Amino acid sequence: MLHGSAILGSERTPVIRVSFGSCVAATACLPLFGLVLCVFISSYFHFEDSTGTHCQVPNYLPSISASISLSPECQIWRFCIGLHSAPRILLAFSYFKFYKSRFSTKLPESFLGFLNLAFSILENLGLLLLTYVSSSETYFIHEEGFVLFILSSLIYMLITCRLWKTIKNYSLNPEDSRSHLWKKRFLVIYIICCAFAGFFFWKHNMYCESGSYTMFALFEYLIVLSNMAFHLTAVWDFKTREVMVISSTEDKDF
């Protein structure tokens, strides 16, 4: 677990004081809310447009790319991801600061901490790119953003599991072991879903079979959900931390 530390200027009165875990949970719920709402609206109101493909075979679920390229789904998704991105950067630097202090004398882990930060930022940039450039606008850029998001997420998750394996080995706190265990589980689910999504996407493009794109869309949802769940484990890691907004003025005696 990442323990809280004393705050400089602690004599100042906090204007806002929220647990870091609550911030992490709210950050993870934003894309979840956006995804569920966009898929529902696309399926209910724009079913033909969101499920239609070049193969012109029946499909029963809209892909995420198709869902977020329509209106008002596009605006909903962009709003949720826009609010989501800033706290994600804060979380990335919070982890980096922890890894830097924890592994200051361990060269491999210290270097992995830098890579972890880099791929966390790349993951966020990939998500922003595929969000704000829809597949109906510029497909190539949207596709590159999707690939950047998938690969950066995978590498980030692998590095994170490696770092928490070391933390678990030297920690007596059972929550560190639990965090590492669930990180590994969500990583395995993520890899399996990526493999199946890639297979059904290839199958759809090669054979245009009915339902192949539906299965691709289903595993695409699971990819995003497993990624969200992985990041949500930060609730355990930052259980004792708080986010504070502190007044810059101090009371003075006259």
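Cys208 is partly exposed in this predicted model, with a relative accessible area of 28%. Cys208 belongs to the loop between H7 and H8, and its backbone is a little out of the ordinary: phi is near 55°, a positive value in a residue other than glycine. Gln56 tells a similar kind of story, with a positive phi of about 55° although it is not a glycine. Here the setting is the loop between helix H2 (47-51) and H3. Gln56 is exposed, its relative accessible area being 72%, a value that earns the label because exposed means over 50%.

One more backbone detail turns up in the loop between H3 and H4, where Pro72 is found. The peptide bond that leads from Ser71 into Pro72 is cis, and omega is near 10°. As background to these three spots, most residues other than glycine have a negative phi, and most peptide bonds are trans.

Turning to empty space, rolling a probe the size of a water molecule over the atoms shows where it is left. Searching the whole structure gives 1 cavity of 30 Å³ or more. The largest cavity comes out at a volume of about 260 Å³. Its lining is made up of 23 residues, and Leu127, Phe149, Val224, Asn227 and Met228 are the ones that lie nearest its centre. Quite a few helices chip in: those that give two or more residues to this lining are helix H1 (20-45), helix H3 (64-67), helix H4 (73-102), helix H5 (107-132), helix H6 (139-169) and helix H8 (212-232). The largest share, 6 residues, is from H8. Sorted by class, the cavity lining has 14 nonpolar residues, along with 6 polar and 3 charged ones.

Then there is the largest pocket, with a volume of about 570 Å³. It is lined by 26 residues, and Ser65, Tyr139, Phe201, Tyr213 and Phe216 are the closest to its centre. Two or more lining residues come from each of H2, H3, H6, H7 and H8. This time H6 gives the most, with 7 residues. The class count for the pocket lining reads 12 nonpolar, 11 polar and 3 charged residues.

Helix H8 also holds Thr214. This threonine is buried, with a relative accessible area of 10%, and the label follows because buried means under 20%. Leaving aside residues up to four places away in sequence, Thr214 touches Asn59, Tyr60 and Leu61.

Aromatic side chains make up the next part of the picture, with 17 aromatic pairs in the structure. One of them joins Phe40 and Tyr44: the ring centres are 5.8 Å apart and the planes meet at 15°, so the pair is stacked. The cut-off behind that call is simple, since planes under 30 degrees apart count as stacked. Both residues belong to helix H1 and are 4 residues apart, about one turn of the helix. Tyr44 is exposed, at 61% relative accessible area.

Phe196 and Phe219 make another stacked pair, so called because their ring centres are 5.0 Å apart and their planes are at 10°. This pair links distant parts of the chain, with Phe196 in helix H7 (residues 174-207) and Phe219 in helix H8, 23 residues apart. How does burial look on the two sides of the pair? Phe196 counts as partly exposed at 38% relative accessibility, whereas Phe219 is buried, with a relative accessible area of 13%.

Other rings gather in a group: Tyr95, Phe98, Tyr99, Phe103, Trp164 and Phe238 form one aromatic cluster. Trp164, a member of that cluster, also has a charged partner, as the charged end of Lys183 sits over its ring, 4.8 Å from the ring centre. A comparable arrangement involves Trp182, whose face has Arg185 lying over it at 4.5 Å from the ring centre.

Note on methods. Residues are numbered from 1 along each chain as its sequence is written. This is a predicted model: local features need pLDDT of at least 70, side-chain atom pairs count only at pLDDT 80 or more; totals for chains, interfaces and linings use all residues. Side-chain values use heavy atoms; hydrogens and water are left out. On a 1 Å grid over the protein atoms alone, a cavity is a set of points where a 1.4 Å probe fits but cannot get out, and a pocket is an open set with protein on both sides within 12 Å along at least five of seven lines; lining residues have an atom within 4 Å of a point. Grid points are joined across faces, edges and corners, and a volume is the space filled by probe spheres set on the points. Ala, Val, Leu, Ile, Met, Phe, Trp, Tyr, Cys and Pro count as nonpolar, Asp, Glu, Lys and Arg as charged, and the others, Gly among them, as polar. Rings of Phe, Tyr and Trp (its six-membered ring) pair if their centres lie within 6.5 Å; planes under 30 degrees apart count as stacked, over 60 as edge-to-face and the rest as tilted. Buried means under 20% relative accessible area, exposed over 50%, partly exposed in between (1.4 Å probe, protein chains only). A charge sits over a ring if NZ of Lys or CZ of Arg is within 6 Å of the ring centre and within 35 degrees of the ring normal. Contact means heavy atoms within 4.5 Å.
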